[in-house]
Amino acid sequence: MMKRRSLATPYGRDMPSSTTKDEEVEWEMRPGGMLVQKRVDKSSDVVPAPNLRLRIAFGALRYEISASSQSTFGELKKVLTAETGLQPGDQRLIFRGKERENGEYLDMCGVKDRSKVMLIEDPGSIERRANQMRRNAKIQTAHRAISDVCMEVDKLEEQVTAIEKSISNGVKVAEVQITTLIEMLMRLAIKLDNVSAEGDASAQKSLQSKRVQKCVETLDVMKISNANVKPVVVTTNWETFDPPLTTAKWEFFD
């Protein structure tokens, strides 16, 4: 009778000397001296994780998203950003009545094909967006107010230029015209002061304030120059003509 040969391991145990081709096992020695079964790389045989079609409910909106079953809820949020416009940090995902953390895997939480996931916006995000909308509305209001003042300054600036040209040509201007322009410009300066502006609007506000100040300073100088302008007296010499001498001839009738 033939006996099956056996190989002794470092621990004194016998190992089968022969196996079938499908059951061949390779052994390797670990650094600690332990003999273990050698791990075989079977990555080529790994079946890819299936894709799931998920139904996302976001208020009255509905989305259908495709995601790997081994994806995390954090990765799902990144996909939803492209659909909803919400940043991942502003999203909350609810599945089976529980909010899911970013590191939780879909398959481990029981998510299957056609599963429904509820998306809600983080309350803090809603408040931040509301604050941003109020801030944008405030900026737009400031821009409109400054734009209106700018158009009025343009008109008054033209009148200042016309008066300055007249005085430089020696033509005296009624002082009330200069005084009225200064009052109108001062009202615009007060209007600008009441505009609450920031950022680019603040720079525009500062620019218009400088324009108003320059016009007022110019008019103050013109008031002095206008006072020194002597009015031009125009005298008219009338030329007299003697009437022509005429003799009338009368015709008599019988």
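Which residues of strand 9 (residues 116-121) form its covered face, and which form its uncovered one? Keep that question in mind while the whole chain is on screen, and remember throughout that this is a predicted model.

**The whole chain**

Colour the model by secondary structure, and four helices and nine strands appear. Followed from the N terminus, these elements run β-β-β-β-β-β-α-β-β-β-α-α-α. Of the 254 residues of the protein, 26% count as buried, and the accessible surface comes to about 19700 Å², with 53% of it belonging to carbon and sulfur atoms. If contacts are drawn between residues at least 6 apart in sequence, 58% of them join residues at least 24 apart.

**The five-stranded sheet**

Select strands 5 to 9 next: these five strands form an open sheet in the order 6-5-9-7-8, with mixed pairing. Strand 6 and strand 8 stand at the edges, and because each has a single partner strand, one side of each is left without a neighbour in the sheet.

Now centre the view on strand 9 and return to the opening question. Its covered face consists of Val117, Leu119 and Glu121, whereas Lys116, Met118 and Ile120 make up the uncovered one. In a regular strand the side chains alternate between the two faces of the sheet.

Two of the covered residues also serve as guides to the neighbouring strands. Strand 5 (residues 51-58) runs parallel to strand 9 and is joined to it by three bridges, and here Val117 is the bridge partner of Ile56. Strand 7 (residues 91-95), by contrast, runs antiparallel to strand 9, with four bridges between them, and Leu119 of strand 9 stands opposite Leu93.

From strand 7, move outward to strand 8 (98-99). Strand 7 and strand 8 pair in the antiparallel sense over two bridges, and Phe95 has Lys98 in strand 8 as its bridge partner.

**Across the sheet and into two loops**

Add helix 1 (73-84) to the selection. Helix 1 lies across strand 5, strand 6, strand 7 and strand 9, and it runs at about 120° to strand 7.

Between strand 6 (61-68) and helix 1 is a loop that holds Ser69. Is Ser69 buried or exposed? Its relative accessible area is 8%, which is under the 20% cut-off, so Ser69 counts as buried. Show its surroundings, and, leaving aside neighbours within four places in sequence, Ser69 is in contact with Ala49, Pro50, Leu52, Leu106 and Asp107.

A second loop, between strand 8 and strand 9, contains Gly103. Gly103 counts as exposed because its relative accessibility is 55%, over the 50% cut-off. A distance drawn from C-alpha to C-alpha puts Gly103 6.5 Å from Phe73, although the two residues are 30 apart in sequence.

**Helix 4**

Finish at helix 4, which covers residues 200-227. How many Å apart are its end C-alpha atoms? They are 42 Å apart, and this agrees with the 40 Å that its 28 residues should span at 1.5 Å a residue.

Display the side chains along this helix and pick out the buried residues, namely Ala201, Lys205, Gln208, Arg211, Val212, Cys215, Val216, Leu219, Met222 and Asn226. To see what they meet, add helix 2 (123-168) and helix 3 (175-193), against which the buried residues of helix 4 pack.

Key: Residues are numbered from 1 along each chain as its sequence is written. This is a predicted model: local features need pLDDT of at least 70, side-chain atom pairs count only at pLDDT 80 or more; totals for chains, interfaces and linings use all residues. Side-chain values use heavy atoms; hydrogens and water are left out. The expected span of a helix is 1.5 Å times one less than its number of residues. Buried means under 20% relative accessible area, exposed over 50%, partly exposed in between (1.4 Å probe, protein chains only). Contact means heavy atoms within 4.5 Å. Accessible areas come from the Shrake-Rupley method with a 1.4 Å probe; for residues, only the protein chains shown count as cover. Two strands pair if DSSP finds at least two bridges between them. Axes are lines fitted to C-alpha atoms, for helices over the stretch in contact, and angles run from 0 to 180 degrees between N-to-C directions.
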